[in-house]
Amino acid sequence: MAWGEDDDRRPEQDEGEEELDETDYKTQKDAVLFAIDVSKSMLQQPPATDKKKGEKDSAVAAALKCAYQFMQQRIIAQPKDMMGILLFGTEKSKFRDEAGGRSGTGYPHCYLFTDLDVPAAEDVKKLKALVEEGEDADEVLVPSNEPASMANVLFCANQVFTTNAANFGSRRLFIITDNDSPHGKDKAAKSSAAVRAKDLYDLGVVIELFPISQGGSSFDVSKFYDDIIYRDPAAELGSPDEVKTSKSGDGLSLLNSLISNINSKQTPKRAYFSNLPFELAPGITISVKGYMPLHRQQPARTCYVWLGGEQAQLAQGETIKVDSDTRTVDKSEVKKAYKFGGEYIYFKPEELASLKNLGGKVLRVIGFKPRSSIPTWASVKKSIFIFPSEEDYVGSTRVFSALWQKLLDADKVGLAWFVARQNANPIMVAIIPSRNPDEETSGTPYLPAGLWLYPLPFADDVRNVELSAPPRPADELTDKMREIVQNLQLPKAMYNPLKYPNPSLQWHYKILQAMALEEDVPEGLDDATIPKYRQIDKRVGGYLAEWKQMLAEKAGALMKSRAMKREVEDEDEGRPAAKRAKPAAKKAAGGHLSNAQLKAAFEQGTLKKMTVAELKDVLASKGVSAVGKKAELVEKLEQWIEENI
């Protein structure tokens, strides 16, 4: 964590009284080290095939391409994350630069291709040359005659994490290999590797295995890697023993499967708040953590870059306060005040803090209501997912689970007073339970089951808006449109936002990446949000044509009926327009003039002879503002007649 073990005990800042945004707690810094097995089987080319999408890359090439794409995503999207590539099983050995006095002799057959660090443009170019252009001038992709010791590989990774990412909140080792038993029946080598894995686990490093099956054989994790990998059952969403295996030699599935499996191991989310007291009743308190599972991604400026020189450089910002005489003002001279009644009232920092103190951080239940009483329009902010924590109150998980189950069974929600942090504004929230992701009624299979804090508006946040009922379409059109909608359902009738990346955000990153790597600006970008018009036309093209024809017929019939109604009104008058001009002014009182009478009066110029009261009456009946002098009222009525009659 950036602020140490307890986020709430962070040092005071100059602007500490400002409420912190949830983006500050979205993620934590991540350090990922790829450990790729360079063996003869991993370097073996797939069998030739006549298929258009036949696989052409070896397992090592697919793993390096996967690491390259991973680096491209992180270099811009998460610029503070670290990444490195460790090749093991190679003929050459290299740990660090020889100039530093350390070589690869201590870790035979381990080659640190890219040291664990924030990816720079040179690192990306170096990896790109190896992946896309096949430039292996140093002959690093030459397998050794004897396999590398996994104990040495894990110890080498231990040294890399210890020296380069000692204080990172998330440190992960990705092992990509097709050998499920690297040491065979050598129990001493297995035991030594298990000890090194335990050291990494104690250090806080998570080992992730991405196995590859070759030649139709399965990858058996029980032979060796069950003693190496420490899996968290709670993080596997009900499948703690499942390790996804990528299959080689089946089209493009190897690279896509590797990318999919690695992307599924997302960086652990940092809590929005930690160990928050959850008061269920007087004397009953548990602790919970809060997370922001859904957050809108947008380009974030992490630093300023100066492009005026030959090479781009990071600009260091500096703020200096000056007075009207351009004299530098010391921090102790600055006072804060509020203006009341034309005078300034000064407050000390401790007085300002006491004014904003509305109680400590807490989530306090004040009652329960039926779930149906919480309307969908009441959401004013993003909902927060809460999860029990046993750090402060033992037994929190059991009480939390009982509350969640009771709310589901009774179809109720809780109402609570919520203060997320010491400097946060208090809000009212509804505690809404969500079902298990594997249930058909959950509605959101990509979101976890538990309790959600649903922010509610205060009284002054709600506006009284009178909405008139919209015109209702014909029943035939509604029935026809129902067929169209039913044939345009998403897969499993479910929208998963993770499958549709933000195109504007991706384009922004593509441009920055091209600038950083000195490449040509790409012409376009694959946009997954663009409708698939061919499939739409194939599914509902005929229905849309029928619906359009039916709409034209209904609209034509409606226009014809209105025209006939207007002709009937004109015939009911029974007089020419010239002779109906004078009676029009007499019948103006009460706004009972017909459209034909108003048009006749307008053509004869007799609207000016109407009184102000009569003009206001007519305008009010037509839904036009009746405020102003007589000339203005006449002008408004004439304008309405020109536009509507």
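This talk goes through the nonpolar cores, some salt bridges and one annotated domain of a predicted model.

I will start with the cores. The largest nonpolar core has 36 residues. Leu173, Ile175, Ile207 and Tyr225 have the most contacts inside it. Which elements give two or more residues to this core? On the strand side they are strand 1 (30–37), strand 2 (82–88), strand 3 (110–117), strand 4 (170–177) and strand 5 (205–213). Helix 4 (150–164) and helix 5 (187–203) complete the list. Helix 4 gives the largest share, which is eight residues.

Take Ile175 as an example. If we leave aside its neighbours within four places in sequence, Ile175 is in contact with Ala35, Met150, Leu154, Ile207, Glu208, Leu209, Phe210 and Tyr225. Two of the names from before, Ile207 and Tyr225, appear in that list. Apart from this core lies another one, of 29 residues. Its members include Ala59, Ala63, Val140 and Leu141.

Now the charged side chains. Side chains of opposite charge can pair when their charged atoms come close. In this model the count comes to twelve salt bridges. I will go through three of them.

The pair for the opening example is Asp180 and Lys223, with the closest N and O atoms 3.7 Å apart. Where do Asp180 and Lys223 sit in the chain? Asp180 is in the loop between strand 4 and helix 5, and Lys223 is in the loop between strand 5 and strand 6 (246–247). The two are 43 residues apart, so this pair links distant parts of the chain. Asp180 counts as buried because its relative accessibility is 13%, and buried means under 20%. Lys223, at 42%, counts as partly exposed.

Next come Lys480 and Glu546, whose side chains meet in a salt bridge at 2.6 Å, N to O. Lys480 lies in helix 9 (residues 475–486) and Glu546 in helix 11 (residues 533–573), so the pair ties together parts that are 66 residues apart in sequence. Is Lys480 buried or exposed? Lys480 is buried, with a relative accessible area of 17%. Its partner Glu546 counts as partly exposed, at 39% relative accessibility.

The remaining example is Asp323 with Arg327, where the closest N and O atoms are 3.2 Å apart. Asp323 has 25% relative accessibility and counts as partly exposed. Arg327 counts as partly exposed too, at 42%. This pair also belongs to a network: salt bridges that share partners join Asp323, Arg327 and Glu333.

Last, the annotated domain. An unreviewed UniProt entry lists residues 607–641 as "domain: SAP". Over residues 607–641 the chain is 63% helix and 0% strand. The C-alpha atoms at the two ends of this stretch are 11 Å apart.

Helix 14 covers residues 612–621. Which residues of helix 14 are buried? They are Glu614, Leu615, Val618 and Leu619. Why do these four count as lying on the same side of helix 14? They cover an arc of only 130 degrees around the axis, so they share a side. The face turned away from that buried side carries the exposed residues Ala613 and Ala620. After helix 14 comes Gly623, whose phi is positive, near 80 degrees.

That is the end of the talk.

Conventions:
Residues are numbered from 1 along each chain as its sequence is written. This is a predicted model: local features need pLDDT of at least 70, side-chain atom pairs count only at pLDDT 80 or more; totals for chains, interfaces and linings use all residues. Side-chain values use heavy atoms; hydrogens and water are left out. UniProt positions are given in the numbering used here, feature names are shortened, and annotations may be inferred rather than shown by experiment. Buried means under 20% relative accessible area, exposed over 50%, partly exposed in between (1.4 Å probe, protein chains only). The arc is that of the directions from the helix axis to the C-beta atoms. A nonpolar core is a set of buried Ala, Val, Leu, Ile, Met, Phe, Trp, Tyr and Cys residues joined through side-chain atoms within 4.5 Å. Contact means heavy atoms within 4.5 Å. A salt bridge is a side-chain nitrogen of Lys or Arg within 4 Å of a carboxyl oxygen of Asp or Glu.
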